[in-house]
Amino acid sequence: MRRLLGVALFTSGVLAAGAFSGTVVADVTTTTATTTVGTTTAATTTAATTSTTTATTPAPDVLPAGVRVAGVRVGGLSPAGAVAAVRAAFARPLEVDVDRVAVKLDPTKVAAAYAATAVAKARVSSRGANVPLVVSVRGPALHAFVAAVAKRVDRAPVDATLELKAGSPTITAAQVGRSLDRRKLSARLLTALHRNTRLPVRQRTRAVEPGTDVGLDGTPTIVVNREQNRLYLFVGVKLARTFPVATGQAIYPTPPGTWHIVVKWRNPWWYPPTQDSWAKGLKPVPPGPGNPLGTRWMGLDAPGVGIHGTDEPSSIGYSASHGCIRMQVPDAEWLFDHVDIGTTVYVV
């Protein structure tokens, strides 16, 4: 019995000791596990922090919101993007309208815009600011453009004139010209380029009045018809007088064309033309009844040719002269008083 009781007690002690030992092991295990969990948690926290730091990037470098450069919106753009936007806006063609002629000006061919400098100022400007754009204009290039426009639109005035049509003088109507004010257009283009505006630049030419045609209807004009041997005096477009005349022989024809009276002499001397064989040996003739020129000489700008009286009245109505236009002496004296130096003479 004692032995059995002792065994029982021993066994209980062993069991109790095992239970205690198990509790300690359990505690140690639990503590170790707790420590491990703590260490794991700390590692996780550290890893999370490192991950967050790696994903963070600096904010992009952009221009302040609402900022413009010479009216070009560049707010929110990168500096490079803003420079590109300003340059693109400046390169847009500028329309130039003069009267009904429209042309395009390429700004890059006459000027340079300092876009990068303006954008640098815009980066430090306040929200909504409008930074000016510095533009350098090349004067010779701009003047060449304006000159090309002027060449297209300028028109010289045309004076009214007397012209011979169908054997009679005709007054052609005058035409008003037009001229471009080049200085004014250059100034307007400079303003548009400096302001970076692309609104059309419009300008009208100024009228250039022709020379006065007053008096053309009273201007004397002479028409000499060689076939008819007639001289017609027109005043304006109206026939005033008709005279029989003698014109040049076939070998000494009165030269056809448009001529003018360049000299008027009363009671002229006659001098033989030394270059003509028919006048060899002849001497100058003073004024008087035997003078071949009669009493009046109206010399033309056709060499050696003039309108004059004659001492051979029987030659009138024929081709009998040496190139001049002969008239009866009274007729030559009347005509002399009714025409001026500069009077047009048509020989047809």
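Here is a short walk through a predicted model, taking its sheets, its helices and a few of its residues in turn.

**The overall picture**

Let's start with the whole protein. It has 6 helices and 22 strands. Of its 348 residues, 32% are buried. If you take the contacts between residues at least 6 apart in sequence, 61% of them join residues at least 24 apart.

**The sheet of three strands**

One open sheet is built from 3 strands in the order β4-β3-β11, with mixed pairing. β4 (101-105) and β11 (201-203) sit at the edges with a single partner strand each, so one side of each has no neighbour in the sheet. On average, and ignoring direction, neighbouring strands here are turned by 20° against each other.

Look at strand β3, residues 94-98: it pairs with β11 in the parallel sense, over 3 bridges. To spot this pairing in the viewer, find Val98, which stands opposite Gln203 in β11.

Two helices lie across these strands. Helix α4 (residues 139-153) goes across β3 and β4, at about 165° to β4. Helix α5 (residues 182-195) lies across β3, β4 and β11, and its angle to β11 is about 165°.

**A helix with a buried side**

Now move to helix α3, residues 115-123, where Ala115, Ala118, Val119 and Ala122 are buried. These residues span an arc of only 100° around the axis, which puts them on the same side of α3. The spacing makes sense once you recall how such helices are wound. An α-helix has 3.6 residues a turn, so residues three or four places apart point the same way. And what covers the buried residues of α3? The cover includes β1 (68-69), α2 (79-90), β5 (111-113) and β6 (130-131).

**Two residues with a positive phi**

Most residues other than glycine have a negative phi. Two residues in this model go the other way, and neither is a glycine. Ala70 has a positive phi of about 50°, and Asn196 has one of about 60°.

Where do they sit? Ala70 is in the loop between β1 and β2 (72-73), while Asn196 is in the loop between α5 and β11. Ala70 has a relative accessible area of 16%, so it counts as buried. Asn196 is buried too, because its relative accessible area is 6%; the cut-off for buried is under 20%.

**The sheet of eight strands**

Further along the chain, 8 strands form another open sheet, ordered β15-β14-β13-β22-β17-β18-β19-β21, and its pairing is mixed. Here β15 and β21 (325-326) are the edge strands; each has a single partner strand, so one side of each is left without a neighbour in the sheet.

Strand β14 (residues 230-235) and β15 run antiparallel and are joined by 6 bridges. Arg230 is a handy marker, standing opposite Pro244 in β15. Helix α6 lies across several strands, among them β13 (220-225), β14 and β15, and runs at about 55° to β18 (296-300).

**Rings and charges**

How many aromatic pairs does a search of the whole structure find? It turns up 2. Here they are side by side:

| Ring pair | Distance between centres | Angle between planes | Kind |
|---|---|---|---|
| Phe243 and Trp334 | 5.7 Å | 50° | tilted |
| Trp269 and Tyr271 | 6.1 Å | 20° | stacked |

The tilted pair of Phe243 and Trp334 ties distant parts of the chain together: Phe243 belongs to strand β15 (residues 238-244) and Trp334 to helix α6 (residues 329-338), 91 residues apart. Is Phe243 buried or exposed? It is buried, at 1% relative accessibility, whereas Trp334 is partly exposed at 27%.

In the stacked pair of Trp269 and Tyr271, Trp269 is partly exposed with a relative accessible area of 42%. Tyr271 reaches 54%, so it counts as exposed.

Trp334 has a charged companion as well: Arg241 lies over the face of its ring, 4.4 Å from the ring centre. Elsewhere, the charged end of Arg198 sits over the ring of Phe90, at 5.3 Å from the centre of that ring.

Key:
Residues numbered from 1 in each chain as written. Predicted model: local features only at pLDDT ≥ 70, side-chain atom pairs only at ≥ 80, totals over all residues. Heavy atoms only, no water. Pairing = 2+ DSSP bridges. Helix = DSSP H or I, 4+ residues; strand = E, 2+ residues; numbered from the N terminus. Axes fitted to C-alpha atoms, helices over the stretch in contact; angles between N-to-C directions. Contact = heavy atoms within 4.5 Å. Buried < 20%, exposed > 50% of the residue type's maximum accessible area, 1.4 Å probe, protein only. Arc of directions from axis to C-beta. Phe/Tyr/Trp six-rings, centres within 6.5 Å; stacked < 30°, edge-to-face > 60°. Lys NZ or Arg CZ within 6 Å of the ring centre and 35° of its normal.
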